[in-house]
Amino acid sequence: MPYHKNKQQAFQAAQQGFEEVQDFYQDIVTDSANYGHQLKHLKNEVNEAYQQIENALEVASETQRPQLERFMNDLEKIVEEVNLQ
């Protein structure tokens, strides 16, 4: 049973990391004086979320995998949008 628990914990960590990135990304004000600092923080959050998603993918169930891949794709979109600004 611990294997199942690890899958669930890994998935939840990935989901939480992804949601934190989304929240932080939505809060960034592009013309604020802190934009550079916020961007650096976002980059750290994104890297952490990527790591959590990759870890979760290693142990993911078939039902978790598509959601994790969606998180990964959405993260990539956020990175692209930030890089364009």
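Buried here means under 20% relative accessible area, exposed means over 50%, and partly exposed is whatever falls in between, using a 1.4 Å probe and protein chains only. By that yardstick Lys 77, with a relative accessible area of 48%, is partly exposed.

A word on the model before going on. It is a predicted one, where local features need pLDDT of at least 70, side-chain atom pairs count only at pLDDT 80 or more, and totals for chains, interfaces and linings use all residues. Residues are numbered from 1 along each chain as its sequence is written, and side-chain values use heavy atoms, with hydrogens and water left out.

**Overall layout**

The protein has three helices and zero strands, so the pattern along the sequence reads α-α-α. Helices are DSSP runs of H or I with at least four residues, strands are E runs of at least two, and both are numbered from the N terminus. Helix 1 covers residues 2–27, helix 2 covers residues 35–59, and helix 3 covers residues 64–84. The C-alpha trace spans about 50 × 20 × 15 Å along its principal axes. Of the 85 residues, 33% count as buried.

**The aromatic rings**

How many aromatic pairs does a search of the whole structure find? It finds two. Rings of Phe, Tyr and Trp (for Trp, the six-membered ring) pair if their centres lie within 6.5 Å; planes under 30 degrees apart count as stacked, over 60 as edge-to-face, and the rest as tilted. Phe 18 and Phe 71 have ring centres 4.7 Å apart and planes at 20°, so that pair is stacked. The pair ties together distant parts of the chain, with Phe 18 in helix 1 and Phe 71 in helix 3, 53 residues apart. Both Phe 18 and Phe 71 are buried, and for Phe 71 the relative accessible area is 5%. Ring pairs also bring in Phe 11, giving a cluster of Phe 11, Phe 18 and Phe 71. Seen from another spot, the C-alpha atoms of Phe 71 and Thr 30 are separated by 23 Å, with their positions 41 residues apart along the chain.

**Charges: one bridge, one patch**

Side chains of opposite charge can pair when their charged atoms come close. The structure holds one salt bridge, meaning a side-chain nitrogen of Lys or Arg within 4 Å of a carboxyl oxygen of Asp or Glu. Which side chains meet in it? They are those of Asp 74 and Lys 77, at 3.7 Å from N to O. Both residues sit in helix 3, three residues apart, about one turn of the helix. Asp 74 is partly exposed, with a relative accessible area of 26%.

Elsewhere, Glu 19, Glu 20, Asp 23, Asp 27 and Glu 48 form a negative surface patch. Patches are made of residues with over 30% relative accessible area and no salt bridge, with like charges joined within 9 Å and nonpolar side chains (Val, Leu, Ile, Met, Phe, Trp, Tyr) within 5 Å. Asp and Glu count as negative, Lys and Arg as positive, while His and the chain ends are not counted. Helix 1 gives the most to this patch, with four residues. Glu 20 is in helix 1 and is partly exposed, at a relative accessible area of 35%.

**A few more partly exposed residues**

The table sets out three further residues, each with its place, its relative accessible area and one C-alpha separation.

| Residue | Place | Relative accessible area | C-alpha separation |
|---|---|---|---|
| Ser 32 | loop between helix 1 and helix 2 | 24% | 15 Å to Val 82 |
| Asn 44 | helix 2 | 45% | 24 Å to Val 59 |
| Glu 76 | helix 3 | 35% | 9.1 Å to Val 46 |

Sequence spacing adds some context to those separations. Glu 76 and Val 46 are 30 residues apart along the chain, with their C-alpha atoms 9.1 Å apart. Asn 44 and Val 59 are 15 residues apart along the chain, with 24 Å between their C-alpha atoms. For Ser 32 and Val 82, the spacing is 50 residues in sequence and 15 Å in space.

Conventions: Accessible areas come from the Shrake-Rupley method with a 1.4 Å probe; for residues, only the protein chains shown count as cover. The place of a charge is taken as NZ of Lys, CZ of Arg, CG of Asp or CD of Glu.
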